[in-house]
Amino acid sequence: MRCLIIGCGCRGRILSRELVTRGDAVRGTTRDPARLASIEAAGAEAGLGDPDRVATLVAALEHVTVACILLGSATGSAAQLAALHSTRLEMLLTKIVDTTIRGVVYEARGSVDAELLAGGAERVRAFGERSLAGWELIEADPGDHAVWLAAAVAAVDGVLAGS
């Protein structure tokens, strides 16, 4: 299985290490070129991609089974974060339809406003219903890395199981 982690920051790298340890291939994206080495150090194939510019992520979607959208603690202006979890998310989900991706994992908890995350979670649910793709939410406390990691791995496995 190849997993794409969009927003491969601290928690994304923890998830990368876990998935690579169990034999999965992982690709992680960042919008900051200075973070590429840390993604590769976690065992993932690193790539530049900005979820605010969905076209920069399209190449990363190739040959992926599960896409993890880990933007629950993304940073930016209020307008940027609102777009990231609404119009940009919708655009990304639309691009995913015509790929090998079988499902999406969405981080529904973090430092981003809870209403924005709830709206993003609803968009992912609707995407799953429309496309018949699997979807899972990570709703664990991102501050507790062990609990968050267990929930993230369970979400990836849930998508793979076809839930």
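Good morning. I begin with Arg-102, which is located in the loop that connects helix H4 (87–96) with strand E5. The structure in front of you is a predicted model, and what I say about this arginine and its surroundings was computed from that model.

How exposed is Arg-102? Its relative accessible area is 45%, so the residue counts as partly exposed. Leaving aside residues up to four places away in sequence, Arg-102 is in contact with Thr-65, Ala-133, Gly-134, Val-159 and Leu-160. One further distance concerns Ala-155: this residue is 53 residues from Arg-102 along the chain, and the two C-alpha atoms are separated by 13 Å.

From that loop I turn to the sheet. The sheet is open and contains 6 strands, whose order is E3-E2-E1-E4-E5-E6, with parallel pairing. Which strands stand at the edges? They are strand E3 (45–48) and strand E6 (134–138); each has a single partner strand, and therefore one side of each has no neighbour in the sheet. From one strand to the next, the twist averages 20°.

Two helices may be described against this sheet. Helix H1, residues 10–21, packs on the sheet and touches strand E1 (2–6), strand E2 (25–30), strand E4 (66–69) and E5. The direction of H1 makes about 175° with that of E1. Helix H5, residues 114–131, lies across E5 and E6, and runs at about 170° to E5. Beneath that description sits the pairing of E5 and E6 themselves: strand E5, residues 103–107, runs parallel to E6 and is joined to it by 5 bridges. As an example of the register, Val-105 has Glu-136 in E6 as its bridge partner.

Next, the cysteines. How many disulfides are there? With a disulfide taken as two cysteine sulfur atoms within 2.5 Å, the count is 0. Cys-3 is in no disulfide, and the nearest cysteine sulfur, which belongs to Cys-68, is 3.5 Å away. Is Cys-3 buried or exposed? Cys-3 has a relative accessible area of 0% and is buried. Cys-8 is likewise in no disulfide; for Cys-8 the nearest cysteine sulfur is that of Cys-3, at 9.0 Å. Cys-8 is also buried, its relative accessible area being 3%.

I close with the open and enclosed spaces. The largest pocket holds about 380 Å³ of space. Its lining consists of 20 residues, and those nearest the centre of the pocket are Gly-7, Gly-9, Arg-35, Leu-70 and Ala-74. Which elements supply at least two residues each to this lining? They are H1 and E2. The largest share, 3 residues, is that of H1, the helix that packs on the sheet.

As for enclosed space, the search of the whole structure yields 1 cavity of 30 Å³ or more. The volume of the largest cavity is about 50 Å³. Which residues line it? They are Pro-51, Ile-69, Leu-71, Leu-84, His-85, Arg-88, Leu-89, Leu-92 and Tyr-106. Helix H4 provides the largest share of this lining, with 3 residues. This brings us back to the starting point, as H4 is the helix that comes before the loop holding Arg-102, with E5 on the other side of that loop. Thank you.

Technical notes: Residues numbered from 1 in each chain as written. Predicted model: local features only at pLDDT ≥ 70, side-chain atom pairs only at ≥ 80, totals over all residues. Heavy atoms only, no water. Pairing = 2+ DSSP bridges. Helix = DSSP H or I, 4+ residues; strand = E, 2+ residues; numbered from the N terminus. Axes fitted to C-alpha atoms, helices over the stretch in contact; angles between N-to-C directions. Contact = heavy atoms within 4.5 Å. Buried < 20%, exposed > 50% of the residue type's maximum accessible area, 1.4 Å probe, protein only. 1 Å grid on protein atoms, 1.4 Å probe; cavity = no way out; pocket = protein on both sides within 12 Å on 5 of 7 lines; lining within 4 Å. Points joined across faces, edges and corners; volume = space filled by probe spheres on them.
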